[in-house]
Amino acid sequence: MNEITPTPAERAEKLKGLGSSRKRVEDVRFTQGKGNYVDDIKLPGMLFGDFVRSPYAHARVVSIDAEAAKQVPGVVAVLTAADLAPLGLHWMPTLAGDKQMVLADGKVLFQGQEVAFVVATDRYAAADAVELVEVDYEELPVVTDPFKALEPDAPVLREDIADQKEGAHGARRHHNHIFTWEQGDREATEKVLAEADVVAEEMIYYHRTHPCPLETCGCVASMDKVNGKLTVWGTFQAPHAVRTVASLISGIAEHNIRIISPDIGGGFGNKVGVYPGYICSIVASIVTGKPVKWVEDRMENLMATAFARDYWMQGKIAATKDGRITGLWCHVTADHGGFDACADPTKFPAGFFNICTGSYDIPVAWLAVDGVYTNKAPGGVAYRCSFRVTEAAYLIERMIEVLAIKLGIDAAELRRKNFIRKDQFPYRSALGWEYDSGDYHTAWDKALAAVGYEDLRAEQADRVESFRRGETRKLMGVGLTFFTEIVGAGPVKNCDILGLGMFDSCEIRIHPTGSAIARLGTISQGQGHATTFAQILASEIGIPADNITIEEGDTDTAPYGLGTYGSRSTPVAGAATAMAGRKIRAKAQMIAAYLLEVHDDDVEWDVDRFVVKGAPERFKAMAEIAFAAYNQAIPGIEPGLEAVSYYDPPNMTYPFGAYVCVVDVDVDTGQVDIRRFYALDDCGTRINPMIIEGQVHGGLTEALAIAMGQEIAYDELGNVKTGTLMDFFVPTAWETPHYETDWTTTPSPHHPIGAKGVGESPNVGGVPCFSNAVNDAFRAFGHVHAHMPHDHWRVWKIAHDLGL
Ligand code: PCD
C-alpha cells in the first residue's frame, strides 16, 4: 500500500452506491427516442381494437346492430357481450371483490362505458366502424350524488346484485350500498367528543380526480395458437399479478402466459387495474389468431379508466382548551361509481385511510367508510398515494387547521404540541398502525426556521391591515402541513391482492468478469429503478453500479413480485435486493477465504473486497472472486455466483415530511400566486438524492394540479364535464412554481438499508399544503373551509361570499 492506493472512501465513490446522485441510466434512451413503449410494438399482421362507448350514464341497451360497421373495409370483427358470454368473459372480477362488465350486458352504468369492441386492420378503419355501430338505448334516471344514491327510492343501479345482502366486505344495507368499513373505538371516541372542551367539525370533500400519465393505458395481445402461448405487452404496474389473474380468468395455464411491461410512460396508479380493453384484446387475438393492439385515447383515459378520490369526509376533532387533541371521529361517504373496482389490498376496502390520525398522538379514534354505487366511472386508484393515504392526510391536515381556528391558536404550535414524540417510536396509533420511526419535532423546527415562519405570520398580519385600509387587493396565505405516509405493502399476513401476498423479489447473477444482472418483481414507470437498484447492490456487493444491469417487467424472466405502486418498490423490492446482495456476499466470503487460504471468519468485508483481518494488503476484490466462482473447483462450494431473495417485510415504512407554502391571492380574480414552496422529506436512508429531488418535484406538481384545478366533474345527467385536457388541469412549466427541497434522515429500523419510500410523499403532503395556504389567506375574515379544487372561480367565490 502507498499513497496512490485508493482509500476505502475513494473506492466507495467509484461504486456510485448509496447516497450517490448517479445520473439516471434510463435517460440515455428516453432522451434519444429509443424508449420502447407499448405503442412502439408492431407485430406482423397486427390488428387494432377500438371501443363503442356509451354516451349515457345510465341506460338500458335495447339492441346493438353492427351490420353497417362490419361492411367497413378492414373490419375483421365486432365483439359484444353476447360474443363474450359463452366464454364467461362478459363480466370480469375487480380487484375489490366486485365484478364489472367487460362489455355492456343489458345496461350501462356510466358515460364512456365499453359497449362493443371493433377489430380492424388499422386503427382508422376501427374508428370509422365504431361510428357505424347502431346502439339503441333507453335512458334511465341518473344518480351522480352518493348521498342521493342512498335514498330509499333511489334508482337501482346494479340490478345484478340488487337483492344481495352481503358484499365482498360484509353487509349491504341498500341496493346502492357496497360496504361499511369500521375501525377504532366508536363508544370511547364519542364519549371523548361529548366531554371535550372544544370540538371542531367539518365536512371535507376530496373531489374526484384522475391520474394523467403521458402515455395512456394500452396493450398488444398475441395468441400463438400453434404453441399455445399467449404474450401480452401492456402498460402494467403489476405484470405478475396480471399473469396470474389472466390465467385464472381465461383458463390458459400460467406458464403459457407471458406478460411484458415494456417502458411505461408514467403510472400513478392508473395502470394497476385490469380494464376491459385488455380482456377484449386477448379474446380478439384468440378469435382471429392475430396480434391485437388496443391503446386508449386521452378522453377515454380520463372518462373510463381509474378515477381517484371522491371521498366525502365528515370529521370531528376534540381537544382541550389549551390545544391537546383528545379524539378523532370520521365518517366517509365514498363514491365508487358503477362498479367497485378500487385497487386496495383485499382486507382494506378503504385502503390505508385509517392512517388518518396522521402525525399526532391521538388517544382514541373511530372511523367508518360507506362505499356507494353511482353512475360514474369505476376505479378508486391510489393516484400517487398508498391506498387512500392522501385522503387521510388531507382530512387530518385540514381538521388541524379548523381546530386551530376554533381554538384561536397558531396552527404550527398546535401541530408541535400534538406530534408523536421521538421517544414514542415504534408508535401504535389508535387505529392500529405501528409507525416504525420518526423525529417530527426536529423536522418541523427545521422547516419553520428555513421559511422564517414568525416573519411570515407578521407579514401576513400587516397585509390584512393594508387590505382593510384598502391599500391592496391581495391577501397572503401560509399553508402548513406535516404528513406521515405509510408505504411498502406487505407484510403478506396483512396485505394481499386477490389472494396474492404482497412480498417482492430480486434475483442476481454475477457474471464471470465481475459484472452483473439483477431482476426484480417491480416495474419502473419513470422512477429510475435501473439507476437506484444498481446503487443498492453496488454498496452491498462492491460491484460498480455502472456494471450492473437492472431488468424488470418480463414475467418469463423476472422473479414473481407484486409490482410498483404505493411506493412499495424501495421498501419491499429494495429490501429484497439488499438481502439477495448479502447472500452473494456470504458466498463470496467463502470463496475469498479459500483463495486467501484462511478461515472464513478471518476475512472481512471492505467496500469492494474481502481482506484478511489485520493484513489489509492481502485481499480478494469482488471481480476476482466472481471469476474464481466460475473457474475454480472449490471443495464444498457449487460453481457460479447467483442469489434470489423473496422479501416479506415485517412492517411498512412511515416516511414523513414538513411542507410550507406561501401564496398571494387576488380577491378580485381568484388568481393564486405561489410565492414559495418549501418541502422537507424524510424517507430514511437516501439512495439517490437527485432522483429523490425529482420525485419530490413531480409529486408536488401533481399535488398542485389536484389542489388547484384538476377534477373529473359530472353534470346531473352524468356527462363528464372535464374529459379533455382543455378542461382537465395539467400544470405546465408556466403554472409550476419553484420548489425548495430539504431533508432529515430517520432510517427505518426494520429495512435492511434503512430506506423508506418517497415517490408518493410529495402528493400526500402537497395537496393539503396548497389547500391550507389558500384557505389560510381568508382566515382573518372568518373563513374556515372551502372545497378543492381551488380554481380561480372557487377562490373568487370565497372572497365574494365573505363580502371582500
Ligand atoms: N428512492 C431513493 N431513496 C429512497 C426512496 C426512494 O433514492 N429512500 C428512489 C427509488 O429508488 C425510486 C424512487 O426514488 O427510484 C421512488 O421510490 P419509491 O418511493 O419506492 O416508489 P416506487 O415504488 O419506486 O414507485 C412508485 C411511486 C408511485 S406509487 C407513484 S404513483 C409515482 C411515483 O412512484 N409514479 C411515478 N413516482 C413516479 N415517477 C415517475 N417518473 N413516473 C411515475 O409514474 Mo402509485 O400507487 O402507482 O398511484
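This section describes the internal cavities and the ligand surroundings of a predicted model.

The structure contains 5 cavities with a volume of 30 Å³ or more, and the largest cavity among them occupies about 160 Å³. A total of 18 residues line the largest cavity, and those lying closest to its centre are Q100, G273, V274, Y275 and A341. When the lining of the largest cavity is divided by class, 13 residues are nonpolar and 5 are polar, while no charged residues are present.

The second largest cavity encloses about 110 Å³ of space, and its lining includes V272 and V274, together with I497, L498, L500, L562 and Y565. Helix α8, which spans residues 239-250, provides the largest share of the lining of the second largest cavity, with 3 residues. The lining of the second largest cavity comprises 12 nonpolar residues, with no polar and no charged ones.

Around the ligand, 36 residues are found, of which A382, H529, G566, T570 and Q695 come nearest. By class, the shell around the ligand consists of 12 nonpolar, 19 polar and 5 charged residues. At least two residues of this shell are supplied by each of the helices α15 (529-541), α16 (569-596) and α18 (689-708). With regard to individual atom pairs, an oxygen atom of the ligand lies 2.6 Å from a polar backbone atom of G566, a residue that is also among those nearest to the ligand. A nitrogen atom of the ligand is placed 3.1 Å from a polar backbone atom of G526, whereas for Q237 the contact involves the side chain, in which an N or O atom lies 2.8 Å from an oxygen atom of the ligand.

How values were computed. Residues numbered from 1 in each chain as written. Predicted model: local features only at pLDDT ≥ 70, side-chain atom pairs only at ≥ 80, totals over all residues. Heavy atoms only, no water. 1 Å grid on protein atoms, 1.4 Å probe; cavity = no way out; pocket = protein on both sides within 12 Å on 5 of 7 lines; lining within 4 Å. Points joined across faces, edges and corners; volume = space filled by probe spheres on them. Nonpolar A, V, L, I, M, F, W, Y, C, P; charged D, E, K, R; others polar. Helix = DSSP H or I, 4+ residues; strand = E, 2+ residues; numbered from the N terminus. Near = heavy atom within 4 Å. Polar contact = N/O pair within 3.5 Å; in protein donor to acceptor, adjacent residues only side chain to side chain.
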